[in-house]
Amino acid sequence: MLSALAYGSSEQGAAIGAAVLPAIRELEEDRARFYGGLLLNSLNEAARRALEVIMKGYEYQSDFAKKYVALGRQEGERVMLLRLLRARFGELPDAAVARVEGAETAALERWAERVLSAKTLAEVLDEPS
C-alpha cells in the first residue's frame with residue numbers, strides 16, 4: 001500500500017495496484033473498503049484503467065466485493081442514463097433526476113432501452129402524457 005501511495009501515479013502504478021489487490025481482498029469488509037478507496041485514489045487515471053482491465057472477468061468471491069461491484073455498476077448505469085437523457089431531451093426536471101437517482105437496476109435498464117426510440121422524457125420514464 002505504501003508503494004501505491006508513493007508511486008501510484010508513476011508508470012508503475014498499474015503493476016503496483018495489481019500487486020496490492022490480492023492483499024486487500026483478504027481484509028475484513030471495513031478495512032478492504034478503506035484500503036481499496038485509498039488504492040484507487042493513489043493511482044493515476046491510466047493506472048486505474050489498466051487495473052480495471054486486469055480485473056475484467058475476475059469473479060469476486062466475497063459477498064462484500066459482489067455487493068459493492070453491483071452498486072458500482074448500478075451507479076454507472078444511473079450516470080449514463082442521465083447523460084443520455086440530457087443529450088436527448090435537454091435539461092431535466094429535478095423530479096426526473098430524482099426518479100432516476102432513486103431507481104433500482106431493473107428500471108434503469110428498462111429506461112435505457114427506451115432512450116433512443118422515445119419521443120418524450122415521459123415515454124422513457126413510464127409517465128403518462
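Me: Is R48 buried, partly exposed or exposed in this predicted model?
Reply: In this predicted model, R48 has a relative accessibility of 26%. Buried means under 20% and exposed means over 50%, so a value of 26% places R48 between the two cut-offs, and the residue counts as partly exposed.

Me: With which residue does R48 form a salt bridge whose closest N and O atoms are 2.9 Å apart?
Reply: The partner lies in helix α4 together with R48, and the two are 3 residues apart, about one turn of the helix. Side chains of opposite charge can pair when their charged atoms come close. At 43% relative accessibility the partner, E45, counts as partly exposed, and the salt bridge that R48 forms at 2.9 Å is with E45.

Me: Which residues are linked with E45 in a network of salt bridges?
Reply: The count of salt bridges comes to 5, and the pair of R48 and E45 has its closest N and O atoms 2.9 Å apart. The network holds E45 together with two arginines, and these are R48 and R49.

Me: Where is L43 found?
Reply: L43 is buried, with a relative accessible area of 3%. Leaving aside neighbours within four places in sequence, L43 is in contact with G8, G13, R48 and L51, and L43 and L5, although 38 residues apart in sequence, are 7.9 Å apart from C-alpha to C-alpha. The position of L43 is in the loop between α3 (29-42) and α4 (45-55).

Me: Which residue meets E75 in a salt bridge?
Reply: E75 and its partner both lie in helix α5 (residues 63-89), 3 residues apart, about one turn of the helix. E75 counts as partly exposed at 41% relative accessibility, whereas R78 is buried, with a relative accessible area of 9%. The side chains meet at 3.2 Å, N to O, and the residue that pairs with E75 is R78.

Me: How many residues apart are D126 and R110?
Reply: The side chains of D126 and R110 meet in a salt bridge at 3.0 Å, N to O. This pair links distant parts of the chain, with D126 in the segment after α8 (121-124) and R110 in helix α7 (residues 105-114). D126 counts as partly exposed at 35% relative accessibility, and R110 likewise counts as partly exposed at 34%. Along the sequence, the separation between D126 and R110 is 16 residues.

Me: Which elements give two or more residues to the largest nonpolar core?
Reply: The largest nonpolar core has 16 residues, and those with the most contacts inside it are L81, L85, V100, W111, V124 and L125. Leaving aside neighbours within four places in sequence, L85 is in contact with G90, L92, V100, V115, L121 and V124. A second, separate core of 11 residues includes A14, I16, I24 and L51. For the largest core, the elements that give two or more residues are α5, α6 (94-101), α7 and α8.

Me: What share of the contacts with a separation of 6 or more comes from residues 24 or more positions apart?
Reply: The protein has 8 helices and 0 strands, and of its 129 residues 30% count as buried. The accessible surface comes to about 8600 Å², of which 55% belongs to carbon and sulfur atoms. Among contacts with a separation of 6 or more, the share from residues 24 or more positions apart is 61%.

Notes: Residues numbered from 1 in each chain as written. Predicted model: local features only at pLDDT ≥ 70, side-chain atom pairs only at ≥ 80, totals over all residues. Heavy atoms only, no water. Helix = DSSP H or I, 4+ residues; strand = E, 2+ residues; numbered from the N terminus. Buried < 20%, exposed > 50% of the residue type's maximum accessible area, 1.4 Å probe, protein only. Contact = heavy atoms within 4.5 Å. Salt bridge = Lys/Arg side-chain N within 4 Å of Asp/Glu carboxyl O. Areas by Shrake-Rupley, 256 points an atom, 1.4 Å probe, with all protein chains shown as cover. Core = buried A, V, L, I, M, F, W, Y, C linked by side-chain atoms within 4.5 Å.
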